[in-house]
Amino acid sequence: MTHSIRIARAVLEDARQNLFRPHPFAPERIAFLWGRSSPKSQGNSLILLNDFTPVEDEHYVEDDSVGARIDATTIREALARVLETGECCFHFHIHTHKGTPRLSRTDADELTRLVPTFASAAPEARHGALIGSLDAANAWVWSRESNRL
C-alpha cells in the first residue's frame with residue numbers, strides 16, 4: 001500500500017521549533033502529530049496531519065541509553081485521544097543530521113511496540129512514526145497486514 005502524508009505547514013513549523021528546544025536532560029524531544037486518513041482505496045491512502053502535541057518536560061524519563069524516553073502517562077494520554085477521536089497518531093522526533101533519516105535500532109524496537117496500541121484503539125485510522133532530520137523527513141505507517149512499521 002502507498003501512503004501520501006500531508007502536514008499543514010504551520011503545524012510542521014511549530015512542531016519542529018518545539019522539538020529543537022533544549023530539555024534539562026534529554027538530548028531529543030518527542031511530539032505526537034494528529035490527523036485523519038482516507039479509507040483504503042485501490043492500495044492508496046492519504047494521511048492529513050493537522051495538529052501536534054509536544055511531550056511536556058516533566059514527562060521525560062532520565063535514561064542515558066536513549067535520546068529520549070517518555071513516561072506511561074504521556075502514552076496513556078495519546079491513546080485516550082486516539083480512542084476518543086479516532087484520529088491518526090504519529091510519533092515525531094528529529095535526528096540532528098542532514099539527509100533522509102532512518103529508524104535507529106532503538107526507534108524500531110520501541111515504535112513497533114507503541115504504534116500498534118494506537119492501531120488497536122482506532123483501526124480505521126493510519127498510525128506511525130515520522131522522523132525528521134535537518135533537511136529531510138521519513139515516515140513509517142503501521143500495517144496490520146504485515147504487523148510492522
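This note covers the aromatic pairs around F32 and the nonpolar core in a predicted model.

1. Searching the whole structure gives two aromatic pairs. In one of them, F32 and W34 are tilted, with 6.3 Å centre to centre and 45 degrees between the planes. This angle counts as tilted because stacked requires planes under 30 degrees apart and edge-to-face over 60.

2. F32 also pairs with F118, here edge-to-face, at 6.1 Å centre to centre and 85 degrees between the planes. This pair links distant parts of the chain: F32 belongs to strand β2 (residues 30-37) and F118 to helix α3 (residues 105-121), 86 residues apart.

3. Taken together, the ring pairs join F32, W34 and F118 into a cluster. Are these rings buried or exposed? F32 is buried, with a relative accessible area of 2%; W34 is buried, with a relative accessible area of 2%; and F118 is buried at 0%. Each counts as buried because the cut-off is under 20% relative accessible area.

4. The largest nonpolar core has 37 residues, and F32 and F118 are among those with the most contacts inside it, along with L33, Y60, F90 and F92. Elements giving two or more residues to this core include the helices α1 (9-19), α2 (72-85) and α3, as well as the strands β2, β3 (44-54), β4 (88-94), β5 (128-132) and β6 (137-141).

5. Leaving aside residues up to four places away in sequence, F32 touches D51, F52, T53, V55, I70, T74, A78, C89, F90, H91, L114 and F118. Of these, F90 and F118 are also listed among the residues with the most contacts inside the core.

Technical notes
Residues are numbered from 1 along each chain as its sequence is written. This is a predicted model: local features need pLDDT of at least 70, side-chain atom pairs count only at pLDDT 80 or more; totals for chains, interfaces and linings use all residues. Side-chain values use heavy atoms; hydrogens and water are left out. Rings of Phe, Tyr and Trp (its six-membered ring) pair if their centres lie within 6.5 Å; planes under 30 degrees apart count as stacked, over 60 as edge-to-face and the rest as tilted. Buried means under 20% relative accessible area, exposed over 50%, partly exposed in between (1.4 Å probe, protein chains only). Helices (H or I, at least four residues) and strands (E, at least two) are DSSP runs, numbered from the N terminus. A nonpolar core is a set of buried Ala, Val, Leu, Ile, Met, Phe, Trp, Tyr and Cys residues joined through side-chain atoms within 4.5 Å. Contact means heavy atoms within 4.5 Å.
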